[in-house]
Amino acid sequence: SSNIRFLRESGVVSLFDSIKTLGFSFTSQLTVTEPHQGEMKYHLIDGAHRWTAICRLGQSEDQKIRDEYKDYIFKCHVLPPLKREQEMALAYGNFNLIFNLFSNK
């Protein structure tokens with residue numbers, strides 16, 4: 001995936017520790033946009049910290065943890081390809097900008 005928002009290491013570590021201790025019970029989906037023409041990567045709009053924490057758990061030295069998370073499948077809400085400013089507006093919850101960008105297509 002191609003991340004839209006800045007990844008805070010402290011947020012990833014906090015989720016990593018929580019998931020490792022309590023398990024993963026996050027019920028929301030990741031939000032992604034489809035790849036643009038000629039691209040191979042989806043754009044991750046929401047869920048980068050969850051994604052990164054699970055990826056790290058899937059690479060854990062602890063075999064039991066690695067086995068539990070290495071092939072973890074997230075449910076995703078997939079949007080069509082969007083312009084960069086539309087993706088940023090969604091990622092940061094700027095609903096006025098989202099409305100303006102989508103109404104001026």
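## R50 and its surroundings

Leave out the residues within four places in sequence, and R50 is in contact with L15, F24, F26, S28, Q29, L30 and F74. This is a predicted model, and in it R50 sits in helix α2, which runs over residues 48-57. Despite being an arginine, R50 counts as buried, because its relative accessibility is 7% and the cut-off for buried is under 20%.

R50 also has a charged partner. D46 forms a salt bridge with R50, and the closest N and O atoms are 3.1 Å apart. The two ends of that pair fall into separate exposure classes: D46 is partly exposed, with a relative accessible area of 33%, while R50 is buried at 7%.

## The other salt bridge

How many salt bridges does a search of the whole structure find? It finds two. Side chains of opposite charge can pair when their charged atoms come close. Besides the D46 and R50 pair, there is one between E9 and R56, where the closest N and O atoms are 2.7 Å apart. E9 belongs to helix α1 and R56 to helix α2, so this pair ties together parts that lie 47 residues apart in sequence.

Both of these residues are partly exposed: E9 has a relative accessible area of 43%, and R56 has one of 32%. E9 comes up against α2 in another way too, if you look at the backbone: the C-alpha atoms of E9 and A53 are separated by 9.8 Å, although the two residues are 44 apart along the chain.

## Helix α1, one side at a time

Helix α1 covers residues 9-22, and its length works out nicely. With 14 residues at 1.5 Å a residue, α1 should span 20 Å, and its end C-alpha atoms are indeed 20 Å apart, so the two values agree.

Which residues of α1 are buried? They are G11, V12, F16 and I19. These four cover an arc of only 135 degrees around the axis, which means they are on the same side of α1. That fits the usual helix geometry: an α-helix has 3.6 residues a turn, so residues three or four places apart point the same way. The buried residues of α1 pack against α2 and against α3, residues 63-69. Turn to the other side of α1 and you find S10, T21 and L22 exposed. Just after the helix, G23 takes a positive phi of about 90 degrees.

## The nonpolar core

The largest nonpolar core has 14 residues, and those touching the most other members are I19, F24, I54, L57 and Y69. Which elements give two or more residues to this core? They are α1, β2 (30-33), α2 and α3. Helix α2 gives the most, with four residues.

Y69 makes a handy place to look around this core. Setting aside its neighbours within four places in sequence, Y69 is in contact with I19, G23, F24, I54, L57 and G58. Among these contacts are I19, F24, I54 and L57, which are listed with Y69 itself as touching the most other core members. I19 is also one of the buried residues of α1, and G23 is the residue with the positive phi just after that helix. F24 turns up in one more place, as one of the contacts of R50.

Key
Residues are numbered from 1 along each chain as its sequence is written. This is a predicted model: local features need pLDDT of at least 70, side-chain atom pairs count only at pLDDT 80 or more; totals for chains, interfaces and linings use all residues. Side-chain values use heavy atoms; hydrogens and water are left out. Buried means under 20% relative accessible area, exposed over 50%, partly exposed in between (1.4 Å probe, protein chains only). Contact means heavy atoms within 4.5 Å. The expected span of a helix is 1.5 Å times one less than its number of residues. The arc is that of the directions from the helix axis to the C-beta atoms. A nonpolar core is a set of buried Ala, Val, Leu, Ile, Met, Phe, Trp, Tyr and Cys residues joined through side-chain atoms within 4.5 Å. A salt bridge is a side-chain nitrogen of Lys or Arg within 4 Å of a carboxyl oxygen of Asp or Glu.
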